[in-house]
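Subject: Structure handover

Dear colleague,

I am passing on to you the structure that I have been looking through, and I hope that the notes below will help you find your way around it. Please open the structure first and keep it in view while you read.

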Amino acid sequence: VEELVRADPDDRPSDLELGRFVDHHCHPVVHHDLTRPAFEALMSEASGRSPLGTTLFDSMLGLAIRRWCAPVLGLEALASADAYLDRRLTLGATEANARLVEAAGIETFLVDTGIRGDGLGSANDLASLSAGSTREIVRLETLAEDILRARVRPSDFVWEFEQRLRSSGAVAAKSIAAYRTGLDLPSTKPSDDALVATLTDVYVRADEGLRLAEPIVHGWLAWTAIDLGLPLQIHVGYGDSDLDLLSSDPLRLTPFLRATEERLVPVLLLHNYPFHRQAAYLAQVFDHVFMDVGLATHNTGALSEHVLREALELVPFGKLLFSSDAYGLAELYLLGSRLFRRNLETLLTALVEQGEMTLTDASYVGALVGRENARRVYRLDDGGTAAVDR
Ligand SMILES: [Zn+2]
């Protein structure tokens with residue numbers, strides 16, 4: 001096993017030492033053993049294998065799992081999908097998760113706990129799997145839906161929501177407006193009265209199946225995070241089939257970004273693919289905008305270098321963050337991190353070799369992107385951003 005792991009070309013010599021990463025957007029991991037259909041259902045944004053297609057291992061992501069995860073579980077690189085899943089079952093989910101998450105080299109996980117999937121662990125489980133630490137990101141829509149389900153009256157909603165957001169202990173808030181009504185967030189905050197009127201409508205229908213999808217509500221939630229000074233993560237681009245990708249172009253956020261810029265509360269555009277070039281543009285021109293290429297990195301596997309390269313064309317080095325956007329499968333933390341690390345190393349090393357930057361420049365950029373930007377933006381060193389009125 002040791003031989004195989006050491007023979008892995010990931011250990012190629014490099015003068016550039018990127019160190020451990022801060023993962024600024026990820027989700028909890030699934031703790032139980034997985035059958036092949038259950039594993040495939042968690043691999044990508046597809047809900048599972050299509051009856052009209054072939055296995056989801058027939059993809060760049062499938063190759064990346066066989067290529068990079070198999071050696072961590074003690075198999076040869078590119079072992080078959082069947083051999084890989086058998087080995088995973090033999091080791092057991094706990095051991096496989098520990099090996100994969102530990103090998104990801106992540107020191108801090110900022111975890112979005114807003115999806116309550118089957119068998120998902122807690123944010124803290126990630127820390128115990130890797131000797132790292134975790135901080136929580138509160139999903140605005142989930143918090144709002146919880147409050148409405150608890151039958152808080154719309155007239156009390158504003159007070160209740162602000163209280164719960166302030167006392168959440170989270171280092172940031174996340175908006176999934178892209179999934180519900182698209183990214184046309186308003187350039188002024190909807191009034192509390194307009195919010196209460198909309199919620200009164202929603203409230204009558206509120207039950208376990210409650211799902212907010214009202215432009216006024218998503219606009220109010222995003223503006224409230226800004227008002228409280230909480231960094232605001234926004235889902236952009238690539239996601240599952242719940243999403244209308246047409247309405248998820250970050251350029252739709254331009255009026256909102258223009259209107260919120262002077263507050264200097266960080267707005268972090270997540271995922272972005274295939275709009276990562278648009279996101280890089282926004283990060284360049286708006287003081288408070290940041291971006292990542294998470295999710296697309298593991299999904300595009302060996303071809304992901306191209307995605308990072310396109311983002312790097314414009315994004316200022318102080319505005320790009322690492323994220324895995326791993327969800328459920330421990331494999332996705334490893335892939336998100338290892339592929340991103342390799343891509344950043346390759347691109348920066350090439351620039352050094354071409355005489356376009358020094359090795360010192362490259363190390364500095366690597367540290368910014370891998371850790372320091374996240375530490376600064378989320379104020380991780382002073383215990384996170386306290387939600388206070390600014
Ligand atoms: Zn995510």
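What follows is an account of what was found, beginning with the metal site and moving on to the backbone and the helices.

Please keep in mind throughout that this is a predicted model.

The metal site

The zinc ion is held by three donor residues, with His25 and His27 each contributing NE2 and Asp325 contributing OD, at 2.0 to 2.1 Å. Along the sequence these donors follow the spacing H-x1-H-x297-D, and two of them can be described further in terms of their surroundings. Histidine 25 is buried, its relative accessible area being 0%, and histidine 27 counts as buried as well, with a relative accessibility of 4%.

Unusual backbone between E6 and H13

The stretch that runs from strand E6 (267-271) towards helix H13 (276-285) deserves a careful look, and the general expectation is worth recalling before you do so. Most residues other than glycine have a negative phi, and most peptide bonds are trans.

Histidine 271, which belongs to strand E6, has a positive phi of about 75° although it is not a glycine. Asparagine 272, placed in the loop between E6 and H13, likewise has a positive phi, near 75°, in a residue other than glycine. Are these two residues buried or exposed? Histidine 271 has a relative accessible area of 2% and is buried, and asparagine 272, with a relative accessible area of 0%, is buried too.

In the loop between E6 and H13 you will also find proline 274, and the peptide bond that leads into proline 274 from tyrosine 273 is cis, with omega near 0°.

Helices that pack against H16

Helix H16 (residues 330-353) packs with helix H15 (residues 304-312) at an angle of about 60°, the two axes being 9 Å apart. An angle of this value makes H15 oblique to H16, and the crossing in which H15 passes H16 is right-handed. On the side of H15 the contact is made by Ser304, Glu305, Leu308, Arg309 and Leu312, while H16 brings Leu339, Phe340, Asn343, Leu344, Thr346 and Leu347. Sorted by class, the residues in the contact of H15 with H16 are six nonpolar, three polar and two charged.

Helix H5 (residues 93-103) also packs with H16, here at an angle of about 15° and with the axes 8 Å apart. Because angles under 35 degrees count as roughly parallel, H5 and H16 are described as roughly parallel to each other, and H5 passes H16 in a left-handed crossing. The residues that meet are Asn97, Leu100, Val101 and Ala103 in H5 and Ala330, Glu331, Tyr333, Leu334 and Arg338 in H16. The contact of H5 with H16 is made up of six nonpolar, one polar and two charged residues.

H5 and H6

H5 has a further partner in helix H6 (residues 123-130), and the axes of H5 and H6 come within 8 Å and cross at roughly 75°. With that angle H5 is roughly perpendicular to H6. From H5, Thr94, Asn97, Ala98, Val101 and Glu102 meet Leu126, Leu129 and Ser130 of H6, and the classes in the contact of H5 with H6 are four nonpolar, three polar and one charged. Asn97 and Val101 therefore deserve attention when you look at H5, as both are listed in its contact with H16 and in its contact with H6.Helix H7 and leucine 368

How many of the ten residues of helix H7 (residues 140-149) are buried? Eight are, and the helix is mostly covered; the buried residues are Leu140, Glu141, Thr142, Leu143, Ala144, Glu145, Ile147 and Leu148. H7 is followed by arginine 151, which has a positive phi, near 65°.

Leucine 368, finally, lies in helix H17 (residues 359-377) and is buried, with a relative accessible area of 10%. Leaving aside residues up to four places away in sequence, leucine 368 touches Phe317, Gly318, Leu320, Asn373 and Arg376. Leucine 320 is 48 residues away from leucine 368 in sequence, yet the two are 8.1 Å apart in space, C-alpha to C-alpha.

With best wishes

Key
Residues are numbered from 1 along each chain as its sequence is written. This is a predicted model: local features need pLDDT of at least 70, side-chain atom pairs count only at pLDDT 80 or more; totals for chains, interfaces and linings use all residues. Side-chain values use heavy atoms; hydrogens and water are left out. Axes are lines fitted to C-alpha atoms, for helices over the stretch in contact, and angles run from 0 to 180 degrees between N-to-C directions. Helices (H or I, at least four residues) and strands (E, at least two) are DSSP runs, numbered from the N terminus. Angles under 35 degrees count as roughly parallel, over 145 as roughly antiparallel, 65 to 115 as roughly perpendicular and the rest as oblique. A crossing is left-handed if the near helix is turned anticlockwise from the far one by less than a right angle, and right-handed if clockwise. Contact means heavy atoms within 4.5 Å. Ala, Val, Leu, Ile, Met, Phe, Trp, Tyr, Cys and Pro count as nonpolar, Asp, Glu, Lys and Arg as charged, and the others, Gly among them, as polar. Buried means under 20% relative accessible area, exposed over 50%, partly exposed in between (1.4 Å probe, protein chains only). Donors are N, O and S atoms within 2.8 Å of the metal (3.2 Å for Na, K and Ca); water is not among the atoms, so sites may look incomplete.
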